[in-house]
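I opened the model to look up its overall build and then a single residue. My notes follow the order of the look-ups.

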Amino acid sequence: MKSISVLAPATSANVGPGYDIFAMALHEPCDELVISLNDTGKVSIEIEGDTQNIPLDPKDNVAGLAVLELLKRKKIKEGVHIRIVKHMTSGGGLGTTGASASGCIFALDRLLDLKLTDNEKVDLARMGEIASGGSPHADNVAACLLGGFVLVKSYHPIDVLRLEMPDFPVVLAVITKSQRTTRGFITYEIGQEKLKEQMARCSRVIHAIHTKDIEEFGKAFSVDHIAEPVRSAAIPEYKDVKRAVMKAGAYGFQISGGGSSVIAVCDEDLVDDVAAIMEKGFANNDHFVKVIKTRTSNFGVREK
Ligand code: HSE
């Protein structure tokens with residue numbers, strides 16, 4: 001039996017104003033996947049660790065759906081077994097669904113020697129996201145597959161640009177959502193002033209990455225008029241914790257991906273203080289899981 005083990009990292013999508021077009025890879029946490037080929041002609045899934053009621057039917061599972069799409073597009077008849085060793089909390093905005101789908105596409109490209117381009121891999125992996133949020137957004141899977149910072153330059157067709165990400169300290173408060181996705185509550189009618197600011201903030205994020213300027217990056221990613229208003233409203237402590245983290249000297253604070261986790265960037269010597277503010281601030285939130293201290297990363301999914 002041919003098989004391959006991969007590590008698929010967490011990602012933080014949107015990076016403030018870049019709804020569905022920006023994402024960045026993080027060093028920790030990672031999920032592990034073992035992908036094996038067999039002669040059953042079927043796709044099967046097994047989850048180890050914290051299974052979190054993740055569906056095992058391939059048509060309802062992000063990894064399963066991405067694999068089915070690859071087998072269909074490439075007319076491959078072999079069976080695939082997916083073993084996911086779950087270390088990340090699902091439904092928290094850390095790209096864990098994207099990580100499973102990306103890990104499978106990366107592994108099958110190697111196992112079957114398909115020589116897929118980066119854009120083909122992103123286009124296949126994003127199909128898995130339909131099982132999670134109902135929409136094939138490419139941001140998380142692109143950052144997981146390629147590492148670093150990604151910009152989805154085009155959705156039709158998929159075309160993704162990867163930028164080398166400066167090494168910034170990151171503190172996450174992992175908070176789960178009470179519903180599967182909040183995408184349906186987002187309004188795109190933000191008005192002229194906010195639209196202009198949103199575009200300016202997106203440009204600032206890119207400029208800050210090119211100039212490796214953590215302060216400018218933090219400022220730029222702390223404002224978002226599309227997803228933050230809706231997603232922060234579901235976190236009662238959000239405004240107070242954001243204010244306290246920024247007052248302590250962090251450069252930026254924002255919802256991570258689809259929420260309800262939050263992400264802060266700050267200097268190394270402030271990481272413990274920011275973590276303590278988050279621990280205390282979210283202590284009474286029933287959906288709060290833990291605080292993670294990590295960093296931005298230029299590594300995407302890789303063989304273990
Ligand atoms: N861009 C996506 C969203 C990322 O904001 O819904 C979360 O999957």
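How much area does the protein chain expose, and what share of it do carbon and sulfur atoms supply? I read about 13,000 Å² exposed, with 51% of it from carbon and sulfur atoms; the areas come from the Shrake-Rupley method with a 1.4 Å probe, and for residues only the protein chains shown count as cover.

I note that this is a predicted model, in which local features need pLDDT of at least 70 and side-chain atom pairs count only at pLDDT 80 or more, while totals for chains, interfaces and linings use all residues. Residues are numbered from 1 along each chain as its sequence is written, and side-chain values use heavy atoms, with hydrogens and water left out.

Overall build. I looked up the secondary structure and found 10 helices and 11 strands (DSSP runs, H or I of at least four residues for helices and E of at least two for strands, numbered from the N terminus). The C-alpha trace spans about 60 × 40 × 35 Å along its principal axes. I checked burial next: 59% of the 304 residues count as buried (under 20% relative accessible area, 1.4 Å probe, protein chains only). For contacts (heavy atoms within 4.5 Å), I took pairs at least 6 apart in sequence, and 73% of these join residues at least 24 apart.

Single residue. I then went to Thr89, in the loop between β4 (79–86) and α2 (96–111). Thr89 counts as buried because its relative accessibility is 14%. Beyond its neighbours within four places in sequence, Thr89 is in contact with Gln52, Thr96, Val174, Thr176 and Val289.

Definitions and conventions
Buried < 20%, exposed > 50% of the residue type's maximum accessible area, 1.4 Å probe, protein only.
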